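This report covers a helix and its surroundings, a metal site, and the nonpolar cores. The sequence and structure come first.

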Amino acid sequence: MSSSDEQMEAFRAELGEALATGDEARGVALARATLESGVGPTTMFLEGIQPLLYEVGKRFEKLEIFLPDLMKAAKVVKAMQRDVLEPAIRQSSEEATELGTIVLGTSQGDIHDIGKNMVGLMLQVNGFKVIDLGTNVSVQDFIKAARENKAQVIGVSSLLTPSMPYMGDLIERLKGLGLRDEFKVIVGGAPVTDAYAQRIGADAYGADAVDAVRICRRLVGLEE
Ligand code: B1M
């Protein structure tokens, strides 16, 4: 095991305790210390925080923990994002707005936004203008915002199986309005797969926040 593997393992062990107790201050201090030790904010998120949240989800599914525990964990991660990761990611990148405009949101019925926010941040710091519509966004509101902002891409995140069909509804509605060729559609979120994206006729599937940037560059006609 390399020293960086060991470091991430130690990070996940300590973060696990902070998530379990809902200790925001501990999570934020850990993120700061980890950043100072040389681990980049994106690596910290994708290799440290995201797998741990998936683990929390599995324990919830097995009824080992309950909704208040999910809420505690989410609160800690949001504080880490807000106080440490987001400022660090913004500082290390130059923002520009010439690559294209993306309307982003979490699909109807779904309030999960940790992953969606990371996708939006990574897109912004990589030169896209992001219109973030938040969570529980209706098909109608996605289309309205895309038209008003002359977006090239509509991005939909979904973490709940019952909310995933709205992504297909969006594509059907675009077709019905004769707008399918105006906007590329990228979908993502833990239960979404490439196969699902293809089945509903989306233009692309994003596996994580870094992948989303690579794909959105392609969708607006730039090299990957
Ligand atoms: Co909820 N939750 N939750 N939850 N929650 C899940 C999603 C669940 C899988 C847990 C489980 O049972 N194993 C399960 C859904 C089951 C299903 O339908 N498939 C679930 C459930 C059931 C629920 C409730 C219904 C629980 C209840 O009330 N009884 C409820 C739903 C409320 C609602 O939405 N209407 C609920 C509530 C909550 C909290 C509010 C407590 C909290 C969310 C807080 C918040 O987001 N503000 C929460 C949490 C924290 C989770 C888990 C544990 C973690 C989610 C997360 O942040 N993951 C989650 C378990 C899991 O995900 N397996 C779970 C980390 C995040 C970085 O990953 O979002 O996948 P992710 O994003 C990644 C990639 O997927 C990708 O890039 C991101 C960054 O790398 N990506 C995109 C995401 N969107 C993209 C879009 C793109 C491209 C890439 O292009 C547009």
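The buried residues of α5 are Ile114, Lys116, Met118, Val119, Gly120, Leu121, Met122, Leu123 and Val125. That makes 9 of 12 residues, so the helix is mostly covered, taking buried to mean under 20% relative accessible area. The model is a predicted one.

**Helix α5 and its surroundings**

The elements that cover the buried residues of α5 include the helices α3 (41-61), α4 (67-91) and α9 (209-219), together with β1, β2 (128-132) and β3 (153-157). From its first C-alpha to its last, α5 reaches 17 Å, close to the 16 Å expected at 1.5 Å a residue. After α5 comes Gly127, which has a positive phi near 100 degrees.

**Lys116**

One of the buried residues of α5 is a lysine, Lys116. The helix that holds Lys116 spans residues 114-125. Lys116 counts as buried because its relative accessibility is 3%. Its side chain has polar contacts with two other side chains, listed here.

| Side chain | Partner side chain | Distance |
|---|---|---|
| Lys116 | Asn117 | 2.8 Å |
| Lys116 | Asp132 | 3.0 Å |

Leaving out residues up to four places away in sequence, Lys116 touches Leu104, Gly105, Thr106, Asp132, Gly134 and Ser157. Asp132 is thus both a polar partner of the Lys116 side chain and one of the residues that Lys116 touches.

**The cobalt site**

Which protein residue donates to the cobalt atom of the ligand? The single donor from the protein is His112, through NE2, at 2.2 Å. His112 sits in the loop between β1 (100-106) and α5.

**The nonpolar cores**

In soluble globular proteins, nonpolar side chains tend to be buried together. The largest nonpolar core here has 43 residues, and the members that touch the most others are Phe11, Leu15, Leu19, Ile49, Leu123 and Ile186. Two or more residues of this core come from each of α1 (3-21), α2 (24-36), α3, α4, β1, α5, β2 and α9. Helix α4 gives the largest share, 8 residues. A second core, separate from this one, has 26 residues, among them Val139, Phe142, Leu179 and Tyr205.

Leu123 appears both among the buried residues of α5 and among the members of the largest core that touch the most others. Phe11, another of those members, is in contact with Leu30, Thr34, Met44, Gly48, Ile49 and Met80, not counting residues up to four places away in sequence.

**Helix α4**

The buried residues of α4 are Ala73, Val76, Val77, Ala79, Met80, Gln81, Val84, Leu85, Ala88 and Ile89. Gln81 is also where α4 bends, by about 45 degrees. The end C-alpha atoms of α4 are 35 Å apart, which agrees with the 36 Å that its 25 residues should span at 1.5 Å a residue.

**Ala18**

Ala18 belongs to helix α1. With a relative accessibility of 1%, Ala18 counts as buried. Setting aside neighbours within four places in sequence, Ala18 is in contact with Asp23, Arg26, Gly27 and Val76. Val76 is one of the buried residues of α4. Between Ala18 and Leu30 there are 9.2 Å from C-alpha to C-alpha, and the two are 12 residues apart in sequence. Leu30 is also among the residues that Phe11 touches.

Technical notes. Residues are numbered from 1 along each chain as its sequence is written. This is a predicted model: local features need pLDDT of at least 70, side-chain atom pairs count only at pLDDT 80 or more; totals for chains, interfaces and linings use all residues. Side-chain values use heavy atoms; hydrogens and water are left out. Helices (H or I, at least four residues) and strands (E, at least two) are DSSP runs, numbered from the N terminus. Buried means under 20% relative accessible area, exposed over 50%, partly exposed in between (1.4 Å probe, protein chains only). A polar contact is a pair of N or O atoms within 3.5 Å; within protein, one must be able to donate a hydrogen and the other to accept it, and residues adjacent in sequence count only if both atoms are side-chain atoms. Contact means heavy atoms within 4.5 Å. Donors are N, O and S atoms within 2.8 Å of the metal (3.2 Å for Na, K and Ca); water is not among the atoms, so sites may look incomplete. The expected span of a helix is 1.5 Å times one less than its number of residues. A nonpolar core is a set of buried Ala, Val, Leu, Ile, Met, Phe, Trp, Tyr and Cys residues joined through side-chain atoms within 4.5 Å. The bend at a residue is the angle between axes fitted to the seven residues ending there and the seven starting there.
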